[in-house]
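Hello,

Here is the structure I promised to pass on. Please have a look at it first, and then read my notes underneath.

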Amino acid sequence: MQMKSPLSPSSSLLKNKPRLSPYLFTLLAFILFVTILYGEDFMCIFNQQLQNYNYPDTLSSSQTERLKRQKLPFAVGKAAEGCDVFSGRWVRDELTRPLYEESDCPYIQPQLTCQEHGRPDKEYQKWRWQPHACDLPKFNASLMLETLRGKRMMFVGDSLNRGQYVSLVCLLHQLIPEDAKSMETFDSLTVFTAKEYNATIEFYWAPFLLESNSDNAVIHRVSDRIVRKGSINKHGRNWKGVDILVFNTYLWWMTGLKMKILLGSFDDEVKDIVELTTEDAYRMAMKSMLRWVRLNMDPKKTRVFFTSMSPSHGKSIDWGGEPGGNCYNETTLIDDPAYWGSDCRKSVMQVIGQVFSKSKVPITFLNITQLSNYRRDAHTSIYKKQWNPLTQEQLANPVSYADCVHWCLPGLQDTWNELLFAKLFYP
């Protein structure tokens with residue numbers, strides 16, 4: 001295996017700096033003030049406030065105005081002026097939560113069925129997201145299914161995106177007669193079919209979006225991860241013809257090490273591999289994704305979404321808990337509105353901001369990171385199917401095997417789909 005020096009540095013992004021307008025100068029002065037006020041946490045907070053990049057600043061003013069006047073595909077209305085659905089608080093809701101029962105949705109994977117696996121409480125199911133400046137539109141399953149009539153909707157990414165996919169299927173399937181729906185898996189592709197609607201909701205396993213050595217949908221726990229440069233079409237050919245596309249990719253990039261990037265083919269006898277920082281490797285993937293969308297999706301007919309980082313809660317000291325703990329036994333929310341967590345990964349969030357803000361591709365950013373940060377209570381923890389037998393030592397210390405990455409269903413990811421619904425129909 002031949003190792004080379006890293007690819008060209010990302011400093012090339014700094015070329016051709018634009019001149020500052022008075023508005024931008026004022027904005028930068030404000031940012032500097034807040035930076036001084038809030039210190040190191042500022043960059044994390046700023047980058048988690050990434051918004052909808054449907055109308056990038058890189059377009060001319062006339063192009064921007066024309067796009068704003070143009071009705072986005074699938075929209076039936078628009079959000080109230082000044083409404084940021086991603087900025088808000090969690091409120092307890094006994095009347096409308098949960099949106100479905102775990103036992104009523106047969107499509108939830110055993111890794112996410114917390115009640116079936118012994119979770120004693122249901123408090124995590126009873127919270128609703130309330131934006132500060134407006135209300136979320138109520139999820140309308142009939143409208144969603146009618147919109148999908150004769151169409152394909154697809155989630156592409158890792159197991160966290162699969163959880164959101166299953167959540168959406170659970171929100172919709174009860175309106176469909178038992179003999180008029182099915183779910184099948186074909187290698188990396190899982191397809192839920194609503195036969196009377198001639199519609200499919202699909203999930204495609206591609207944790208890096210690009211081709212990698214972790215692409216087997218079943219056997220993919222690879223520690224020495226390798227991603228192939230310029231290979232998005234390997235998976236992308238399976239996404240063509242989709243009408244609504246929801247991407248995510250994040251968790252699998254977080255190795256704590258440099259990423260190995262394959263320049264040739266996985267079939268090459270001697271593999272040509274370079275190492276990149278996580279940030280540069282992730283930037284490569286984001287650019288490839290946006291390029292694929294530009295070449296393959298028609299903005300007049302289709303919609304594309306990108307879901308931001310799903311936070312984990314692996315260290316209770318982050319929220320003032322006892323050292324050595326994690327999400328295990330947590331049944332309440334983090335109530336500090338300034339809480340951002342230690343796994344903010346601000347450098348990766350910065351990459352998303354840099355790449356998306358320069359893109360002319362109409363893509364909607366779903367910022368689920370901030371609102372999910374408060375939900376230490378909503379993880380599967382120990383209440384899931386364990387694929388390997390637990391040792392006596394593990395059984396004696398549940399913290400050691402608690403899953404603080406994935407989420408129980410019903411639960412938090414239903415809110416992600418409410419936000420997706422809001423941005424799809426009321427952008």
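Below is what I found inside the chain, starting with its core.

This is a predicted model, so please keep its rules in mind: local features need pLDDT of at least 70, side-chain atom pairs count only at pLDDT 80 or more, and totals for chains, interfaces and linings use all residues. Residues are numbered from 1 along each chain as its sequence is written, and side-chain values use heavy atoms, with hydrogens and water left out.

Of the 427 residues, 51% count as buried (under 20% relative accessible area, with a 1.4 Å probe and protein chains only). The largest nonpolar core (buried Ala, Val, Leu, Ile, Met, Phe, Trp, Tyr and Cys joined through side-chain atoms within 4.5 Å) holds 104 residues. Met144, Phe247, Met289 and Phe306 have the most contacts inside this core. Its largest share, nine residues, is supplied by helix 7, residues 278–296 (helices are DSSP runs of H or I, at least four residues, numbered from the N terminus). Leaving aside residues up to four places away in sequence, Met289 touches Leu209, Ile232, Phe247, Phe306, Phe356 and Ile363 (contact means heavy atoms within 4.5 Å). A second, separate core has nine residues, including Ile382, Tyr401, Cys404 and Cys408.

Of the 14 residues lining the largest cavity, Arg97, Gln125, Trp127, Gly411 and Asp414 are the closest to its centre (a cavity is a set of points on a 1 Å grid over the protein atoms alone where a 1.4 Å probe fits but cannot get out; lining residues have an atom within 4 Å of a point). Helix 11, residues 412–425, gives the most to this lining, with three residues.

Best wishes

Technical notes
Buried means under 20% relative accessible area, exposed over 50%, partly exposed in between (1.4 Å probe, protein chains only). Helices (H or I, at least four residues) and strands (E, at least two) are DSSP runs, numbered from the N terminus. On a 1 Å grid over the protein atoms alone, a cavity is a set of points where a 1.4 Å probe fits but cannot get out, and a pocket is an open set with protein on both sides within 12 Å along at least five of seven lines; lining residues have an atom within 4 Å of a point.
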